[in-house]
Amino acid sequence: MLIARLRDEIAAQVPSEAEQIRASYMQVDDFNLAQSIAAELEAGADFGFLAQQHSVDETTGQFRGDLGFFPRGAMRVPELEEAAFALAELNAVSNIISVVDEESGRATHYLIQLTERDPERPLTEAMRQELVRQAYTVF
C-alpha cells in the first residue's frame with residue numbers, strides 16, 4: 001500500500017507536457033567518415049540523404065535519420081541529447097559527437113540536426129511512463 005502511494009506521488013510530479021525537440025541523427029563508426037560528412041553538411045548537403053547513405057543505424061537511416069519528437073531524458077546516449085537540446089537554430093547540425101563504449105573501447109561518432117522545437121508538447125503515454133519509471137528509479 002505504501003509503495004503504491006509513493007509510486008502515485010512520484011507519477012503525479014511527472015508532467016504531461018514538456019519541451020520536446022524533433023531531431024535527425026546519423027551514426028558512423030569511422031571518425032574520418034564523420035569528418036567528411038560534416039564537411040559535406042557545411043557545404044550545404046542534405047542531412048537526410050547523407051543519413052540514408054552512411055548511418056550504421058539502419059532503423060533511423062531508412063527514415064533519413066529522423067528520431068521524431070522527444071523530451072529531455074529520453075535518449076539512450078546522454079551526449080546526443082545534450083547536443084541536440086543545445087542547438088539553438090532549426091536545421092542546425094552539431095559538431096561530431098564521439099562516444100566510447102566502456103566495454104569494447106570502440107568509438108562511435110554521431111551528427112545530430114535539430115528540425116523542430118516545441119516548448120510544451122504533450123508527452124505520449126509511453127514516454128510519460130518512461131519518465132515516471134526514471135523518476136521512481138532515481139528516488
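Here is a short set of questions and answers about the structure above. It is a predicted model, so local features need pLDDT of at least 70 and side-chain atom pairs count only at pLDDT 80 or more, while totals for chains, interfaces and linings use all residues. Residues are numbered from 1 along each chain as its sequence is written, and side-chain values use heavy atoms, with hydrogens and water left out.

Reader: What pattern does the protein chain follow along the sequence?
Author: Let's start with the pieces: the protein chain has 6 helices and 4 strands. Those are DSSP runs numbered from the N terminus (helices are H or I with at least four residues, strands are E with at least two). Read along the sequence, they come in the pattern α-β-α-α-α-β-α-β-β-α.

Reader: How many Å does the C-alpha trace span along its principal axes?
Author: Picture the C-alpha trace of the protein chain laid along its principal axes. Its spans there are about 60 × 35 × 25 Å.

Reader: What percentage of the residues count as buried?
Author: Buried means under 20% relative accessible area, exposed means over 50%, and partly exposed is in between (1.4 Å probe, protein chains only). The protein chain has 139 residues to sort this way. The buried share is 36%.

Reader: What share of the contacts with a separation of 6 or more comes from residues 24 or more positions apart?
Author: A contact here is a pair with heavy atoms within 4.5 Å. Take the contacts in the protein chain with a separation of 6 or more, then pick those between residues 24 or more positions apart. Their share is 68%.

Reader: How many Å should helix 2 span?
Author: Helix 2 covers residues 31–42, which makes 12 residues. The expected span is 1.5 Å times one less than the number of residues. The end C-alpha atoms agree with that, because their separation and the expected span are both 16 Å.

Reader: Which elements do the buried residues of helix 2 pack against?
Author: The residues in question are A34, I37 and L41. They cover an arc of only 65° around the axis (taken from the directions from the helix axis to the C-beta atoms), so they sit on the same side of helix 2. An α-helix has 3.6 residues a turn, so residues three or four places apart point the same way. The partners of that buried side are strand 1, helix 3 and strand 4.

Reader: Which exposed residues are on the face of helix 2 turned away from its buried side?
Author: Just flip helix 2 around from its buried side. On that face you'll find the exposed residues N32 and E42.

Reader: What is included in the cover of the buried residues of helix 3?
Author: Helix 3 has F47, G48, L50 and A51 as its buried residues. They cover an arc of only 165° around the axis, which puts them on the same side of helix 3. Their cover includes strand 1, helix 2, helix 4 and strand 4.

Reader: Which residues is Q52 in contact with, leaving aside its neighbours within four places in sequence?
Author: Q52 belongs to helix 3, and it counts as partly exposed because its relative accessibility is 38%. G65 is 13 residues away along the chain, yet the C-alpha atoms of Q52 and G65 are separated by 7.0 Å. Skip the neighbours within four places, and the contacts of Q52 are G61, Q62 and R64.

Reader: What is the phi of R64 near?
Author: R64 is in the loop between helix 4 and strand 2, and at 36% relative accessibility it counts as partly exposed. Most residues other than glycine have a negative phi. R64 isn't a glycine, but its phi is positive, near 60°.

Reader: Which residue has a positive phi of about 70°?
Author: Look in the loop between helix 5 and strand 3. The residue there with a phi of about 70°, although not a glycine, is N91.

Reader: Which strands do the buried residues of helix 5 pack against?
Author: Helix 5 runs over residues 78–86, and its buried residues are L80, E81, A83, A84 and F85. They pack against strand 1, strand 2, strand 3 and strand 4.

Reader: How many Å apart in space are E130 and V28?
Author: E130 is part of helix 6, residues 125–138, and it counts as partly exposed because its relative accessibility is 27%. In sequence, E130 and V28 are 102 residues apart. From C-alpha to C-alpha, their separation in space is 27 Å.
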